[in-house]
Amino acid sequence: MAEQERMIEAMLFASSEPVTVRELEVRMPHGCDAAEALAHLRKRYEGRGVHVVRVGDGWAMRTSPDLGFLMQKETVETRKLSRAAIETLAIVAYHQPCTRAEIEEIRGVSVSRGTIDQLLELEWIRLGRRKMTPGRPVTFVVTPIFLDHFGLESARDLPGLKELRAAGLLENRAPPGALSLGGSGEDDEAESEGLDGQSELFED
């Protein structure tokens, strides 16, 4: 039986897919009891770093669940916002609560839906209260996640233009590989504009 366990162990270890008892028996010498050998092997691996587990109709060797963290690799993905998104975020941060129409009025160009969706997805802005004006438009405000990301206690602690440039959030030209938001061309017009109008948004 010990030799049969070794056979089962070798086949399960070498197989990339779960193996059924029938498939094990076909490979083993005549007269072997794959099911019994498998039961012994499973018991032998209890409490170890690798377990013999049932997967559907087959059996396989798998890492113990409590050690799964050792197989994980965490990476930090850096995603740069386009200038259009930075401008929109800045306007919301410095003029909140503000409507989409107000954002467009300050920027001087239309705001694509993709830009707003990107910032909402990042959870840096959220929907605020509807404005008490005709049409009751929704407003946008920055979130605690935004404040926490930049180490701010409140929107009143927002930095000025020079501090943002020093942090790399503002550049003289759009960074290579910047996220393309929207794609409708509405924000592309803003991408080609200078930063002259931005200074009014950030200056203390």
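**Reasoning from values to labels**

Me: Why does Arg136 count as partly exposed?

Reply: In this predicted model, Arg136 has a relative accessibility of 39%; buried means under 20% and exposed means over 50%, with partly exposed in between, so at 39% Arg136 counts as partly exposed. Arg136 is found in the loop between β4 and β5, and has a positive phi of about 45° although it is not a glycine.

Me: What makes the phi of Glu123 worth a remark?

Reply: Most residues other than glycine have a negative phi. Glu123 is not a glycine, yet has a positive phi of about 60°. Glu123 follows α6, in the loop between α6 and β4. With a relative accessible area of 44%, Glu123 is partly exposed, because that label covers values between 20% and 50%.

Me: How do you know that the buried residues of α6 lie on the same side of the helix?

Reply: The buried residues of α6 (residues 113-121) are Thr115, Ile116, Gln118 and Leu119. They cover an arc of only 160° around the axis, which puts them on the same side of α6. What covers these buried residues includes α4, β4 (125-127) and β5 (139-142), whereas the face turned away from the buried side carries the exposed residues Arg113 and Glu121.

Me: Why is Glu5 called buried?

Reply: Glu5 has a relative accessible area of 7%, and the label buried applies under 20%, so Glu5 is buried. This residue is found in helix α1 (residues 2-14), and, leaving aside neighbours within four places in sequence, Glu5 is in contact with Ala37, His40, Leu41 and Arg44.

Me: What makes Phe69 an exposed residue, and which residues form a nonpolar patch with Phe69?

Reply: The relative accessible area of Phe69 is 54%, and because exposed means over 50%, Phe69 earns that label. Phe69 lies in the loop between β2 (58-63) and α4 (83-95), and forms a nonpolar surface patch with Leu70 and Met71, the three having about 370 Å² of accessible area together.

Me: How do you know that β1 and β2 pair?

Reply: Two strands pair if at least two bridges are found between them. Strand β1 (residues 50-55) is joined to β2 by 6 bridges, and the strands run antiparallel, so the definition is met. The bridge partner of Val50 in β2 is Thr63, and in the hairpin, which has 2 residues between the strands, Gly56 takes a positive phi near 65°.

How values were computed. Residues numbered from 1 in each chain as written. Predicted model: local features only at pLDDT ≥ 70, side-chain atom pairs only at ≥ 80, totals over all residues. Heavy atoms only, no water. Patch = residues over 30% accessible without salt bridge, like charges linked within 9 Å, V, L, I, M, F, W, Y side chains within 5 Å. Areas by Shrake-Rupley, 256 points an atom, 1.4 Å probe, with all protein chains shown as cover. Salt bridge = Lys/Arg side-chain N within 4 Å of Asp/Glu carboxyl O. Helix = DSSP H or I, 4+ residues; strand = E, 2+ residues; numbered from the N terminus. Buried < 20%, exposed > 50% of the residue type's maximum accessible area, 1.4 Å probe, protein only. Contact = heavy atoms within 4.5 Å. Arc of directions from axis to C-beta.
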